[in-house]
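Thanks for coming, everyone. Let me put the model on the screen, and then we'll walk through it.

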Amino acid sequence: MTRSEVLAAEYNSYYKNYIGLVEKTSLTNALIVGLETTQTFFETLPKEKWKYQYAPDKWTPKDILQHVSDTERVFAYRALYFARFKNADLKGFDENVFAMNAHANKKSITDLINEYKTIRAASLSLFKYLNESELKQTGTANGSLMSVRAAGFIICGHEIHHCNIIKERYL
């Protein structure tokens with residue numbers, strides 16, 4: 001199953017740009033490549049940029065990496081729930097409330113990167129063992145339909161999006 005097989009009807013149109021950022025590859029490969037690329041990106045980010053804000057009230061790169069990790073947890077949970085419980089209905093989450101309560105800027109760079117790597121390892125383990133039928137199952141999150149496989153590709157595109165934002169606005 002590749003990204004090109006995910007149908008637009010399997011997710012809210014809001015996520016189209018995220019999914020479109022992912023290469024036409026398998027979900028497992030996209031997760032592996034994303035891990036390598038994102039980890040390297042953050043490991044090579046200049047230390048003086050980690051707490052930088054390009055405008056008042058904007059997130060720092062530390063906040064962004066924490067947000068990427070938190071969002072992956074949320075979408076992996078959605079995928080797990082939808083794979084195990086057909087037609088589930090889950091609430092949304094407010095990324096700004098999560099960011100405000102995550103205290104990312106008090107964490108070390110090493111801890112943030114290790115947390116990201118641990119979460120990705122868990123996501124890889126989850127998606128690796130889901131069969132085609134489970135990957136196509138859907139549920140509702142935040143009032144919108146989403147398939148298990150769309151949730152996986154959204155995870156991948158979401159981190160690409162945020163790395164691109166850092167490149168454009170922070171470096």
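Start with terms. On a 1 Å grid over the protein atoms alone, a pocket is an open set of points with protein on both sides within 12 Å along at least five of seven lines. A cavity is a set of points where a 1.4 Å probe fits but cannot get out. Lining residues have an atom within 4 Å of a point. Grid points are joined across faces, edges and corners, and a volume is the space filled by probe spheres set on the points.

Now the provenance. This is a predicted model, where local features need pLDDT of at least 70, side-chain atom pairs count only at pLDDT 80 or more, and totals for chains, interfaces and linings use all residues. Residues are numbered from 1 along each chain as its sequence is written, and side-chain values use heavy atoms, with hydrogens and water left out.

First, the open space. The largest pocket holds about 560 Å³. Its lining counts 28 residues, and the closest to its centre are Tyr 14, Tyr 18, His 67, Glu 95 and His 162. Which elements give two or more residues to that lining? They are α3, α4, β3 and α7. Element names follow DSSP runs: helices are H or I with at least four residues, strands are E with at least two, numbered from the N terminus.

Next, the closed space. There is one cavity of 30 Å³ or more. The space in the largest cavity is about 30 Å³. Its lining is His 67, Asp 70, Phe 93, Glu 95, Phe 98 and Ala 99. α3 and α4 (95-102) each supply at least two of those residues. The largest share, three residues, comes from α4. Note that His 67 and Glu 95 line the cavity and also appear among the residues closest to the pocket centre.

On to α3. This helix has 24 residues and spans 34 Å from first C-alpha to last, close to the 34 Å expected at 1.5 Å a residue. The expected span is 1.5 Å times one less than the number of residues. Of its 24 residues, 19 are buried, so α3 is largely enclosed by the rest of the structure. Buried means under 20% relative accessible area, exposed means over 50%, and partly exposed is in between, with a 1.4 Å probe and protein chains only.

Take one residue in α3: Ser 69. Buried or exposed? Ser 69 is buried, at 1% relative accessibility. Leaving aside neighbours within four places in sequence, Ser 69 contacts Glu 115, Tyr 116 and Ile 119. Contact here means heavy atoms within 4.5 Å.

Now α2, residues 27-43. It has 17 residues and reaches 24 Å, close to the 24 Å expected. Its buried residues are Leu 27, Ala 30, Leu 31, Gly 34, Leu 35, Thr 38, Gln 39, Phe 41 and Phe 42. Seen down the axis, they fall within an arc of 155°, so they line one face of the helix. The arc is that of the directions from the helix axis to the C-beta atoms. Why would such a spacing give one face? An α-helix has 3.6 residues a turn, so residues three or four places apart point the same way. The cover over that face of buried residues includes α3 (61-84), α5 (109-128), α6 (132-136) and α7 (148-169).

Then the sheet. Three strands form an open, mixed sheet in the order β1-β2-β3. β1 and β3 stand at the edges with a single partner strand each, so one side of each is left without a neighbour in the sheet. Two strands pair if DSSP finds at least two bridges between them. β1 (89-90) and β2 run parallel, joined by two bridges. Leu 90 stands opposite Ala 141. β2 and β3 (144-147) are antiparallel, over four bridges. There, Thr 140 faces Leu 145, and Gly 139 stands opposite Met 146.

β2 (138-141) alternates. Gly 139 and Ala 141 point to one face and are buried, while Thr 138 and Thr 140 point to the other and are not.

Last, backbone angles. Asn 142 sits in the loop between β2 and β3. Its phi is near 55°, positive in a residue other than glycine. Asn 142 is exposed, at 55% relative accessible area. His 103 also has a positive phi near 55°. That residue, His 103, lies in the loop between α4 and α5. At 45% relative accessibility, His 103 is partly exposed.
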